[in-house]
Amino acid sequence: MADDASIFLGASRKPDDSYQHAERLLLKYGNRHGLVTGATGTGKTVSLQIMAEGFSDAGVPVFCADVKGDLSGIAMKGTAQDFLLKRAAQVKLEPYEFEDFPVIFWDLFGEQGHPIRATVSEMGPLLLSRLMNLTEAQEGVMNIAFRIADEEGLLLLDMKDLQALLANIAERAAEIAARYGNVTKQSVGAIQRSLLILEQQGGAHFFGEPALRIMDLMRTSRDGRGAINVLAADRLMASPRLYATFLLWLMSELFEQLPEVGDPDKPRLVFFFDEAHLLFDDAPKALVDRVEQVVRLIRSKGVGVYFVTQSPLDVPEKVLAQLGNRVQHALRAYTPREQKAVKTAAETFRPNPDFDCARTITQLGTGEALVSTLEEKGIPSMVQRTLMRPPFSRIGPISAEERRKIILESPVAGQYDQPIDRESAFELLQKKAAETQAPAGEQAGGSGWTLPDFGGGKSGGARAPRPSNRQSVTEAAVKSVVRSVGSSLGRAIVRGILGSFSKGR
């Protein structure tokens, strides 16, 4: 339930547990970011669901990850149940009408939604190095590989392009060393092994074309509601580094592609980063500093970032300070770390004289939360003990048949489902190898040696280019150079995040 200026979250309670007043999130501060925390089973997912519903009703597109599979119900109408009707009456939600929401399902593996792909050149050498946990020396080899691809007009679209390029530079190690420094076959071999592991974890599904267009995440339906983009992440969570790196890539693409808009009346997109601790686990200080900078700067693009995690301790203090809208569900306080988490959560709120915040956090029931949002002039509201409103959509997962129907009727149906494999580095290097090995007087590619086939099912000859809505050679070169060098402030900050991963380990 969203009016023209706010999203209804629930109703705060007086000390005697009677109704106090409605708690709302002002849309004009929706891009000031937020935090949803709480122990398992306390209602975080439902809070995420009602916030996504509210933003959608206000015409704001949403991107969120469905880690456990139970967020998919947002695509279907809810059904009347006693506990929902009781909660609606307690928070004075009138009328309480069930509705479904415009949902687009995505899946890196293409099984429970439309595939999401990025090209290798879009990902960039620094983020790839983070994804594969390369050493500093191996990261240097990766940067050299991208530089050579730029200079020689080799498009890096999928994993076999990168594998072929790495094999090529290993053979040319002496020539390359004179220009860029030592490139050892041991380093190349280590990178190739890391690529194999990445491929086994599902990376081969992610790299390729057609690559995701950011604008497809920012659709609105005919009735003006924002699309809710739900990423099926239950299988993806088995590869937590791929999950965290993908979301970092997506955030950096939003930062890179969207124009500055300042502080709009409502966000252009809201991005929920579930299982946020995966981004910060074992992260070096340089990473935390730069993530804090990105979170602060992406606000001016009209993008709100909401971290969802179990404990506020999962989010570094500098990042925590940037999160103006807070929903804190119950926390346990048995171990010293849990007690510290309760204390940290309590201290981040503007105190309310009516109750002890730290004590209340341990006593909240399921569906209750301490809520503080930004009021006029961006000042945090006094924390309130709040009953969160019930969702309008279904609580829990949808069936496989319901999911298939929604995917078939999606506005992006058919745009991403079939991969495109146009001529790129793999084919060009095969062709070059064939020409080099062809005997005198014999047509190039007739019976010469070729690079190994990395599972692409291709012959030694070149394949004719296929149409694509993505990069030309020049575009790929420019984009990759920018990713590697980072000439602007924004690029330096975003790519600085990615480069610091491996160096800080």
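Which helix or strand gives the most to the lining of the largest pocket? In this predicted model, that turns out to be H1, with seven residues. Beyond the pocket, there are a couple of cis prolines to look at, two non-glycine residues with positive phi, and a buried asparagine with a polar side-chain contact.

**The largest pocket**
- The volume comes out at about 640 Å³.
- A set of 34 residues lines the largest pocket, and those nearest its centre are Thr-42, Gly-43, Lys-44, Thr-45 and Val-46.
- Helix H1 covers 44–57, and its seven residues are the top contribution to the lining.
- Helix H2 and strand S9 (303–309) also chip in, each with at least two lining residues.
- Sorted by class, the lining holds 14 polar, 12 nonpolar and eight charged residues.

**Cis peptide bonds**
- As a bit of background, most peptide bonds are trans.
- The bond between Glu-94 and Pro-95 is cis, with omega at about -5°.
- Pro-95 sits in the loop that runs between helix H2 (82–90) and strand S5 (103–107); H2 is also one of the elements that help line the largest pocket.
- Glu-209 and Pro-210 are joined by a cis bond too, and omega there is near 0°.
- Look for Pro-210 in the loop between helix H9 (203–206) and strand S7 (228–232).

**Positive phi outside glycine**
- Most residues other than glycine have a negative phi.
- Asp-17 isn't a glycine, yet its phi is positive, at about 75°.
- You'll find Asp-17 in the loop linking strand S1 (6–13) to strand S2 (19–26).
- Is His-33 buried or exposed? His-33 has a relative accessibility of just 1%, so it counts as buried, the cut-off being under 20%.
- Asp-17 has 46% relative accessibility and therefore counts as partly exposed, since that value falls between the 20% and 50% limits.
- His-33 also has a positive phi, near 75°, without being a glycine.
- The loop that holds His-33 lies between S2 and strand S3 (34–37).

**Asn-168 in helix H6**
- Asn-168 belongs to helix H6, which spans residues 159–171.
- With a relative accessible area of 10%, Asn-168 is under the 20% cut-off and so is buried.
- What does the side chain of Asn-168 make a polar contact with? Its partner is the side chain of Arg-172, at 2.7 Å.

Technical notes
Residues are numbered from 1 along each chain as its sequence is written. This is a predicted model: local features need pLDDT of at least 70, side-chain atom pairs count only at pLDDT 80 or more; totals for chains, interfaces and linings use all residues. Side-chain values use heavy atoms; hydrogens and water are left out. Helices (H or I, at least four residues) and strands (E, at least two) are DSSP runs, numbered from the N terminus. Buried means under 20% relative accessible area, exposed over 50%, partly exposed in between (1.4 Å probe, protein chains only). On a 1 Å grid over the protein atoms alone, a cavity is a set of points where a 1.4 Å probe fits but cannot get out, and a pocket is an open set with protein on both sides within 12 Å along at least five of seven lines; lining residues have an atom within 4 Å of a point. Grid points are joined across faces, edges and corners, and a volume is the space filled by probe spheres set on the points. Ala, Val, Leu, Ile, Met, Phe, Trp, Tyr, Cys and Pro count as nonpolar, Asp, Glu, Lys and Arg as charged, and the others, Gly among them, as polar. A polar contact is a pair of N or O atoms within 3.5 Å; within protein, one must be able to donate a hydrogen and the other to accept it, and residues adjacent in sequence count only if both atoms are side-chain atoms.
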